[in-house]
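Work through the following exercises with the sequence and the model side by side, and try each task before you read its solution.

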Amino acid sequence: MALSILAIVAMVIDARFEVLTPVRNKIGIVTSQLYAVTNIPNKIWGTIQEQFSSHSELLAENERLKAQSLLLEQKLQKLASLTEQNVRLRELLNSTSLVDEKAVVSELIGIDPNPSTFRYLIDKGSSDGVFIGQAILDAKGIMGQVVDVMPHSAWVLLITDNNHSIPIMVNRNGLRAIATGTGEDLLEIRYVPNNEDIQVNDLLVSSGLGGNFPAGYPVAIVSKIEHDNGTPFATVYAKPTAALNRSRYVLLIFTSRQILDNNHDTDTSESQQTPVQEEITP
């Protein structure tokens, strides 16, 4: 009670005469310093909380950036793949301008697991007009021919398979021969007399004999010639011009004569498998 009366008296005196103003100022200075001192623990605690919060946010941000970086790398890899695919499609599209016959683009969708057989599965079949014996090309040259046809897919035997042969001729001088697969990344040119004019780096093109392969398409380039005095024939090896192990998109070639033959014999074109070896003489 006494303190209340004393406080009221002091307030009245301060309001009327302002004699307590210096005292109030000094008390304000002391209390502000005291408040600053008492607030130090609170500031320290706030700073610690902020540091922990910032560290947690940085860790979360770091994890988010890592995930984002991984997604971007995955998209970049896909973009690189699409770019390469676009280049191959452009090469294939340009090659169609050099093909006189009708051509349809197909995609490789499988490989024969048998290591002794060189066969690819493509995504076009009899429903697309594909028939047995049909020639397959990529942007660089002849790859092989269709040997088995199903409604929506077909098996292609590559020219490097042991059971495949293709009639060819030397583009430089028209010398005709048979190129046979070796089971490796090479073709063997058989029955070439030792005195025939054939040289390393000669371009071999399809001769058109036999009817399966249209004439004039690149097949291989002569890489090695061996002469044996004990035999009348030279052993000639050639490397295929087609990218047999890299091409994903191929061209199915439709010649006018093959289309007519296929229309006359649709039953055999869907399921029958014909011999690949062609009985063609040089």
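**Exercise 1.** Determine whether Asp-197 counts as buried, partly exposed or exposed, and then find its salt-bridge partner.

*Solution.* Asp-197 has a relative accessibility of 36% and therefore counts as partly exposed, where buried means under 20% relative accessible area, exposed means over 50%, and partly exposed is in between (1.4 Å probe, protein chains only). Before going further, note that this is a predicted model, in which local features need pLDDT of at least 70 and side-chain atom pairs count only at pLDDT 80 or more, while totals for chains, interfaces and linings use all residues. Residues are numbered from 1 along each chain as its sequence is written, and side-chain values use heavy atoms, with hydrogens and water left out.

The next step is to look for a salt bridge, which is a side-chain nitrogen of Lys or Arg within 4 Å of a carboxyl oxygen of Asp or Glu. The side chain of Asp-197 forms one with that of Arg-172, at 2.9 Å from N to O. Arg-172 sits in the loop between β6 (165-170) and β7 (176-181), whereas Asp-197 sits in the loop between β8 (187-193) and β9 (203-206), so this pair ties together parts that are 25 residues apart in sequence. The strands named here are DSSP runs (E, at least two residues; helices are H or I, at least four), numbered from the N terminus. Arg-172, with a relative accessible area of 41%, is also partly exposed.

**Exercise 2.** Which parts of the chain does the salt bridge between Asp-185 and Lys-239 link, and which residues are joined into one network by salt bridges that share partners?

*Solution.* Begin with the distance, which for the side chains of Asp-185 and Lys-239 is 2.7 Å from N to O. Asp-185 belongs to the loop between β7 and β8 and Lys-239 to strand β11, 54 residues apart, and the pair thus links distant parts of the chain. Next comes accessibility: Asp-185 is partly exposed at 37%, and Lys-239 is partly exposed with a relative accessible area of 43%. Finally, the network that arises through shared partners consists of Arg-172, Asp-197 and Asp-202.

**Exercise 3.** Describe the surroundings of Ser-106, and state whether Ser-106 is buried or exposed.

*Solution.* First locate Ser-106, which is found in strand β1 (residues 102-111). Its relative accessible area is 1%, which means that Ser-106 is buried. Then list what Ser-106 touches, taking contact to mean heavy atoms within 4.5 Å: leaving out residues up to four places away in sequence, the list includes Asp-123, Arg-248 and Val-250. With the side chain of Asp-123, the side chain of Ser-106 makes a polar contact of 2.7 Å, that is, a pair of N or O atoms within 3.5 Å, of which, within protein, one must be able to donate a hydrogen and the other to accept it, residues adjacent in sequence counting only if both atoms are side-chain atoms.

**Exercise 4.** How are the residues of strand β2 arranged, and with which strands does β2 pair?

*Solution.* In strand β2 (residues 119-122), Arg-119 and Leu-121 point one way and Tyr-120 and Ile-122 the other, and all are buried. In a regular strand the side chains alternate between the two faces of the sheet. Pairing, which requires that DSSP finds at least two bridges between two strands, is antiparallel with β1 over 3 bridges, and antiparallel with strand β5 (residues 154-158) over 4 bridges. Leu-121 shows both neighbours, since Gly-110 stands opposite Leu-121 and Trp-155 is the bridge partner of Leu-121 in β5.
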